[in-house]
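User: Walk me through the labels used for this model. I want the reasoning behind each one.

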Amino acid sequence: LLALSSGYTVLQIKEEAKTSLVYVIPLNSDLDKTPLDVNNFQNHDVQLVKCHTCQKEVPLISFQNHKSNCKTTEFEENKEESVADTIQKLQILFPQHDKEYLNTVFSGSIHINEAVEKILKEMNNLEHGNKNLLEETDIPGGSGNNDLVESDSSNSDHDSLPDSGVGKKIKDQKLKWESFKRRRNLKKGHVLVKINRDTILLSTMTLFKRGDIKNISIPPEVKFQNEDGIDATGPRKEYFFHTIKSFLSGEKNIVLFEGREDRKVPVHDTDLLASDFFYYAGKFVAMAFFHGEIGIWSISPCIQEYILSGSKTAAIALVEAKDVADLETQSILESIKKACTEEDFADLNGEDGILSLLNAAGFVNKMLGIKTKDQAYQEILFYEVITKRREELDDFRRGMNEDFQLVNFVYKNRSLQSKLFPKLKDFCFSKEQIINCLSTPPNLTEKQITAFNYLKKFLEEDLNNDDLVKKFLLFVTGYIILPAKINVKFFTEGRKKYYPDPDTCFNSLTLPLDYEDLKDFKKRMDTVLDVQASGYGRW
């Protein structure tokens, strides 16, 4: 094999050896260590490689030095390229940004260098001084800091938050989330969504499959059939909440998630997979979180991890026995865990159901015994919770991430994980917390003070459990998260309005003034809560 003066190359060896097996042994003692003068080489004497930065051919042995000194930018001024090519390059440089945002930044009228500088400048302004802010800050949902869960026009001003400590972190978190939404919410207007409350899950899937909802960055304008509500975010919040609730609790014969509270896992169902139900459910959750800061609650931590990271290994590390939804499998796992004698293992090895489950989990050509039971237990556990449901998880994850990379954003900013995947305890509020949120106009009249005191008395004496608290919140806000403020208003004197009237778009409750006494107030409030806690009929 004839060696070039610059040494052998992989291409040269492949051409000479063809399909033969070649062993290459470096004989360092025989190498000439005299520094080479690259400038004296002729092109036929040295292996050349093309620099992708300046497009020049450079000797391989000097390429590292050339690369560090190469000043020509990848995007040459005289290089003509289409907008599509430019956007493709921007997508490679900035994979965290979606195509629509990059199109808007470039807009076909500026050079790509300017687009890159513009994006980097915005990212720098956003990240300056807070590189790891979201990873270090965790603001639990339902503890009074609901800025990301429930926006209110009265506290949307970031300047109202302090500029140090937790207040600054909340402010920066809000700014980062709002910047994320602003860059992706490029479309103006709304998409009209007409929905049947009685079949809310099926109606939603039909809208997606039919193409009525295509771009989820466009906010929906929700109209419930046979109801009066006009959507200024109130019906939208209620639509998001009840649809996600139907994902978790099921609707007729459609069930998407199963398992214990705060340990929900997707149902393994080939029919639902074939119908893309998990994919569309993921898109809906992304839409609800993007436009209403409403996430999907009660999801198992291991499922959350798989959705965010896409890593089976990372998810498996969080799997626990209580993640197993199937009662029969729970019983099998318990039997394996308790087995300790030869007689116990002989009984287990003789049961067809256990052997079938072991085979499905990949525990094959082995018998259960004292040395293998731990491995068998783990294999069944991982299979039942993750492996068996991986297609459903991948579809759900794809739907959540497809339009504007919501999953990627939350994965990088883990403090938002508790917002996207809240726990049931995050929806638990006391009547005292609700009373503290009540806000009234100044200078109340005597009748207004009396009506307001009746309301507080009702909350103190009649909201005796979590279900009633959630019912009241749904009635006033359209969602079960406590807002920063509930505005209490009053009808003008003499106006014939018998029942309290909520406005979920603005988290407000308007009270009549003609109550006979507290008993009369409670009677009217109980009636309207029973009838109108869900829905937009008017009295």
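**Labels and their grounds**

Analyst: In this predicted model, α11 crosses α18 with right-handed geometry.

User: What makes the crossing of α11 and α18 right-handed?

Analyst: The term applies when the near helix is turned clockwise from the far one by less than a right angle. The axes of α11 (residues 277-292) and α18 (residues 390-401) cross at roughly 35° and come within 6 Å.

User: Which residues make the contact between α11 and α18?

Analyst: From α11 come F278, Y279, A281, G282, K283, V285 and A286. From α18 come E392, D395, F396, R398, G399 and M400.

User: How do these contact residues divide by character?

Analyst: Seven are nonpolar, two polar and four charged. Gly counts as polar, so G282 and G399 belong to the polar group.

User: Why is T329 called buried?

Analyst: Buried means under 20% relative accessible area. T329 has 6%, so the label holds.

User: Where is T329 found, and what does it touch?

Analyst: T329 is in helix α14 (residues 327-338). Leaving aside residues up to four places away in sequence, T329 touches V324, L357, I380 and E384. Each of these has heavy atoms within 4.5 Å of T329, so each counts as a contact.

User: How much of the chain counts as buried?

Analyst: Of its 539 residues, 47% do. The accessible surface comes to about 28,600 Å², and 49% of that belongs to carbon and sulfur atoms.

User: How many helices and strands does the chain have?

Analyst: The chain has 24 helices and 10 strands. Among contacts between residues at least 6 apart in sequence, 67% join residues at least 24 apart.

Key:
Residues are numbered from 1 along each chain as its sequence is written. This is a predicted model: local features need pLDDT of at least 70, side-chain atom pairs count only at pLDDT 80 or more; totals for chains, interfaces and linings use all residues. Side-chain values use heavy atoms; hydrogens and water are left out. Axes are lines fitted to C-alpha atoms, for helices over the stretch in contact, and angles run from 0 to 180 degrees between N-to-C directions. Helices (H or I, at least four residues) and strands (E, at least two) are DSSP runs, numbered from the N terminus. Buried means under 20% relative accessible area, exposed over 50%, partly exposed in between (1.4 Å probe, protein chains only). Accessible areas come from the Shrake-Rupley method with a 1.4 Å probe; for residues, only the protein chains shown count as cover.
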